[in-house]
Amino acid sequence: MTTKREGKAIQIEGLVVRYGERQVIDHLSLEVGAGEVYGLLGGNGAGKSTTLQAILGFVTPSAGRVRVVGLDPSAEPAVVRRAIAYIPENVALYDHLSARENVDYFLRLARLRPEPGEMEAAFRAVGLAEEAWGRPVSGFSKGMRQKTAIALALLRRASVLLLDEPTSGLDPGATADFNALVSRLRGEGAAILIVTHDLIGVADIADRVGFLEKGRISDEMAAEGADRFDLRALHDRFARARAA
Ligand SMILES: Nc1ncnc2c1ncn2[C@@H]1O[C@H](COP(=O)(O)OP(=O)(O)OP(=O)(O)O)[C@@H](O)[C@H]1O
């Protein structure tokens, strides 16, 4: 999907975000490299969405540093957002338009024109059934909407994927399909940050998992090596975070 880049695609160092008097992100540091999947876990109000907003340049840090493909999202939000595909929990598409028409419309907005056959190749790559390409997306499941959004990300050649609760509400088969797709995108060099409560999904897919508590990463675990996680360790850690 992307060209491999040097360095970390997402780099956050000592990020502080305040809303008025209230500090909601407290010296958060986090890195996601090209070809890496990072799972950010945290309870309600831990600061997950605010972290995504800072990466997208929608909130300005009170202190610290955010870089996306080496650029400052607060200073160059438009350029940074071109490098990012943000897939929210509920993908917003025009319901009366087909998958093809939606993707075509959003590509035009971005002043992009796919090569002949490229859109179809992207739909095939994400596993969207051919019979659905021309149907209004009003009849699409959550999984089909995600596939449409990820096909758009492929066509935009986004090198950073931000996935917000991607598997909540997906059945196990659709979750497995989704995870297989994320693995493929990682293999093609995308930097992928998944914000989730889904321990099972994240244990399957993430290279590293960070626990966000009160606006800071309280613990990080990796899929490999000495600090490697398993499902039980993740569950216990998450339960402790929620109880804190
Ligand atoms: N615009 C805002 N103004 C003031 N406070 C805010 C604003 N947005 C978020 N907050 C507060 O910041 C804290 C972190 O919120 P955030 O939405 O980032 O958490 P979250 O981890 O995404 O939670 P959830 O899992 O419930 O979506 C919360 O206490 C929230 O009330």
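1. Confidence of the model. This is a predicted model, and the average pLDDT over the protein chain is 88, with 93% of the residues scoring at least 70. The weak stretch to keep in mind is residues 2-6, where pLDDT stays under 50 and for which the model has 11 contacts beyond four places in sequence. For the complex, the predictor reports an ipTM of 0.95 together with a pTM of 0.88.

2. Overall form. The protein chain contains eight helices and nine strands, and its C-alpha atoms fill a box of roughly 50 × 40 × 35 Å along the principal axes. The radius of gyration of the protein chain is 18 Å, which agrees with a compact globule, because a globule of 244 residues would have a value near 18 Å. Of the 244 residues in the protein chain, 40% are buried. Among contacts with a separation of 6 or more, 71% join residues that are 24 or more positions apart.

3. The ligand shell. The residues around the ligand are Tyr19, Arg22, Val24, Gly42, Asn44, Gly45, Ala46, Gly47, Lys48, Ser49 and Thr50. Two elements give two or more residues to this shell, namely strand E2 (22-33) and helix H1 (48-56), and the largest share, three residues, comes from H1. Sorted by class, the shell holds three nonpolar, six polar and two charged residues.

4. Helix H1 itself. The buried residues of H1 are Lys48, Thr50, Thr51, Leu52, Ala54 and Ile55; Lys48 and Thr50 are also listed among the residues around the ligand. Just after H1 comes Gly57, for which the model has a positive phi of about 80 degrees.

5. Helix H5. This helix, residues 142-156, has 15 residues and reaches 21 Å from its first C-alpha to its last, close to the 21 Å expected at 1.5 Å a residue. H5 is mostly covered, in that 13 of its 15 residues are buried. Just after H5, the backbone at Arg157 takes a positive phi of about 55 degrees.

6. Lys147 within H5. Which residues does Lys147 contact, once its neighbours within four places in sequence are left aside? They are Val126, Gly127 and Leu128. Lys147 lies in helix H5 and counts as buried because it has 26 C-beta neighbours inside 10 Å, where 20 are enough. Its C-alpha atom is 9.9 Å from that of Asp177, a residue 30 positions away in sequence.

7. Pro88 and Ala149. Pro88 sits in the loop between strand E5 (84-87) and helix H3 (99-109), and with 16 C-beta neighbours inside 10 Å it counts as partly exposed. Although Pro88 and Ala149 are 61 residues apart along the chain, their C-alpha atoms are separated by 9.5 Å.

8. Positive phi values outside glycine. As background, most residues other than glycine have a negative phi, so a reviewer may wish to look at the exceptions here. Val69 has a phi near 40 degrees and is placed in the loop between strand E4 (63-68) and helix H2 (77-83). Glu165 likewise has a positive phi, of about 50 degrees, without being a glycine, and is placed in the loop between strand E6 (160-164) and H6.

9. Surroundings of those two residues. Is Val69 buried or exposed? Val69 counts as buried, because it has 21 C-beta neighbours inside 10 Å. Glu165, by contrast, counts as partly exposed, because its C-beta neighbours inside 10 Å number 18, whereas 20 would be needed for a buried residue.

10. Leu185 in helix H6. Leu185 belongs to helix H6, which covers residues 172-187, and it is buried, with 24 other C-beta atoms within 10 Å. How far apart in space are Leu185 and Asp95? The distance is 26 Å from C-alpha to C-alpha, for two residues that are 90 residues apart in sequence.

Technical notes:
Residues are numbered from 1 along each chain as its sequence is written. This is a predicted model: local features need pLDDT of at least 70, side-chain atom pairs count only at pLDDT 80 or more; totals for chains, interfaces and linings use all residues. A residue is near a molecule or strand if its C-beta atom, placed from the backbone, lies within 6 Å of it. Helices (H or I, at least four residues) and strands (E, at least two) are DSSP runs, numbered from the N terminus. Ala, Val, Leu, Ile, Met, Phe, Trp, Tyr, Cys and Pro count as nonpolar, Asp, Glu, Lys and Arg as charged, and the others, Gly among them, as polar. pLDDT is the predictor's confidence in each residue, from 0 to 100. Two residues are in contact if their C-beta atoms, placed from the backbone, lie within 7 Å. The radius of gyration is taken over C-alpha atoms; the globule rule is 2.2 Å times the number of residues to the power 0.38. A residue is buried if 20 or more other C-beta atoms lie within 10 Å of its own, exposed if 12 or fewer, and partly exposed in between; C-beta atoms are placed from the backbone. The expected span of a helix is 1.5 Å times one less than its number of residues.
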